[in-house]
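User: I have a chain open here and want a quick read of it. Can you walk me through the fold and then the odd spots?

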Amino acid sequence: MSFLHQGAKKRLVIELRSKGINDENVLAAFEKVDRHVFIESFMENKAYLDRPLPIKYGQTISQPYTVAFQTQLLKINKGDKVLEIGTGSGYQAAILSAMGAKVYTIERQQGLFIETSQFLEEYDYKIFTFFGDGFNGIPQFAPYDKIIITCGAPNVPISLLNQLKINGLMVIPLGVKYQKMIRIKKTAEDDFFEEQFGDFVFVPMLKDTKEINN
Ligand code: SAH
């Protein structure tokens, strides 16, 4: 990694801290994971600014602060089994993986799924990638300790609540035009505790899959 990127990355971590991110494990993961390799090369010089950036297929890599905030809300422990909805560039999944989580991530756009799966493998990330509609989760590997949704959800999908362990946490940006960040704790099989944290803007969570030639 160039000195330029290294310096920019250190400044980003300081910025995240100043904006209220205080989970040292989250900050350490931001130190570890190179964001500039997850975006297209012509934007590399913006990689460590606290901004969302466009990726392929009309999607977005979330703003670093948003990634850090959602990750902090998840209270990740080493070995946690985490389901992510919306693989996108793979950056959020890489951050979780760098924190020692076992990550399962699902993407509805086939082209993005293929490219990101190859990319993560090339970079030696041990992350399980899936092509499908995240509204259904990935039941064959459930239950999960944590579930993170990285697109704006119109509602809380029941199937995802079902795939959460008791005492597990789900972080979901809820809303259509803009989203309220919600954390849900599953306190018993049919009992949930919900907290709300601020407004965010995400690309929408859409139903069904989008095949490569469609
Ligand atoms: N976590 C990603 C953020 C990508 S933006 C990153 O770190 O880069 C959100 C992603 O969610 C997009 O790639 C979009 O295609 C995907 N998405 C939207 N609805 C979905 C659904 N129902 N199932 C799975 N992925 C979905």
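User: How many helices and strands does the chain have?
Analyst: This is a predicted model. The chain has six helices and nine strands.

User: What radius of gyration does the chain have, and what would a compact globule have?
Analyst: The chain has 16 Å, and a compact globule with 214 residues would be near 17 Å, so the two agree. The C-alpha trace spans about 50 × 45 × 35 Å along its principal axes.

User: What share of the residues is buried?
Analyst: Of the 214 residues, 51% count as buried. The chain exposes about 10,400 Å², with 52% of that supplied by carbon and sulfur atoms.

User: And the contacts, what share comes from residues 24 or more positions apart?
Analyst: Such pairs account for 52% of the contacts with a separation of 6 or more.

User: Charges: how far apart are the mean positions of the positive and negative ones?
Analyst: They are 4 Å apart, with 25 positive and 25 negative charges in the chain.

User: On to packing. Which residues of the largest nonpolar core touch the most other members?
Analyst: Leu16, Ile21, Phe30, Phe38, Tyr91, Ile95 and Leu96 do, out of 43 residues in that core. Helix 1 (3-18), helix 2 (24-32), helix 3 (64-73), helix 4 (91-98) and helix 5 (110-122) each supply at least two residues of this core.

User: Take Ile95. What does Ile95 touch, leaving out residues up to four places away in sequence?
Analyst: Ile95 touches Ala29, Phe30, Val33, Val67 and Thr71. Of these, Phe30 is also listed among the core residues that touch the most other members.

User: What about a second core?
Analyst: A separate core of 20 residues includes Leu160, Leu161, Ile184 and Met205.

User: Back to helix 3. How many of its residues are buried?
Analyst: Ten of the ten residues of helix 3 are buried, so helix 3 is largely enclosed by the rest of the structure. The buried residues include polar ones by name, among them Thr66, Gln70, Thr71 and Gln72.

User: Now Ala93. Where is Ala93, and is Ala93 buried or exposed?
Analyst: Ala93 is in helix 4. Ala93 counts as buried because its relative accessibility is 0%.

User: Which residues is Ala93 in contact with, sequence neighbours aside?
Analyst: Leaving aside neighbours within four places in sequence, Ala93 is in contact with Glu84, Val103, Thr105 and Ile127.

User: And how far is Ala93 from Pro143?
Analyst: Ala93 and Pro143 are 18 Å apart, C-alpha to C-alpha, and 50 residues apart in sequence.

User: Different region: strand 7. Are Ile172 and Leu174 buried or partly exposed?
Analyst: Ile172 lies in strand 7 (residues 164-174) and counts as buried, at 0% relative accessibility. Leu174 lies in strand 7 as well, but Leu174 is partly exposed, with a relative accessible area of 23%. The cut-off for buried is under 20%, so Leu174 does not meet it.

User: What do they touch?
Analyst: Not counting residues up to four places away in sequence, Ile172 touches Ile149, Ala153, Asn155, Val156, Pro157, Lys180, Met181, Ile182 and Ile184. With neighbours within four places left aside, Leu174 is in contact with Ala153, Pro154, Asn155, Val156, Gln179, Lys180 and Ile182. Leu174 and Val156 are 7.5 Å apart, C-alpha to C-alpha, and 18 residues apart in sequence.

User: Odd spots, then. Which residues does the cis peptide bond join?
Analyst: Ala142 and Pro143, with omega about 5°. Pro143 lies in the loop between strand 5 (128-131) and strand 6 (144-149).

User: Why flag a cis bond or a positive phi?
Analyst: Most peptide bonds are trans, and most residues other than glycine have a negative phi.

User: So what is the phi of Lys75, and where does Lys75 lie?
Analyst: Lys75 has a positive phi of about 45° although it is not a glycine. Lys75 lies in the loop between helix 3 and strand 3 (81-85), and Lys75 is partly exposed, with a relative accessible area of 49%.

User: What about Asp124?
Analyst: Phi of Asp124 is near 70°, also positive. Asp124 lies in the loop between helix 5 and strand 5 and is exposed, with a relative accessible area of 56%.

Methods. Residues numbered from 1 in each chain as written. Predicted model: local features only at pLDDT ≥ 70, side-chain atom pairs only at ≥ 80, totals over all residues. Heavy atoms only, no water. Helix = DSSP H or I, 4+ residues; strand = E, 2+ residues; numbered from the N terminus. Rg over C-alpha atoms; globule rule 2.2 N^0.38 Å. Buried < 20%, exposed > 50% of the residue type's maximum accessible area, 1.4 Å probe, protein only. Contact = heavy atoms within 4.5 Å. Areas by Shrake-Rupley, 256 points an atom, 1.4 Å probe, with all protein chains shown as cover. Lys, Arg positive; Asp, Glu negative; His and termini not counted. Charge placed at Lys NZ, Arg CZ, Asp CG, Glu CD. Core = buried A, V, L, I, M, F, W, Y, C linked by side-chain atoms within 4.5 Å.
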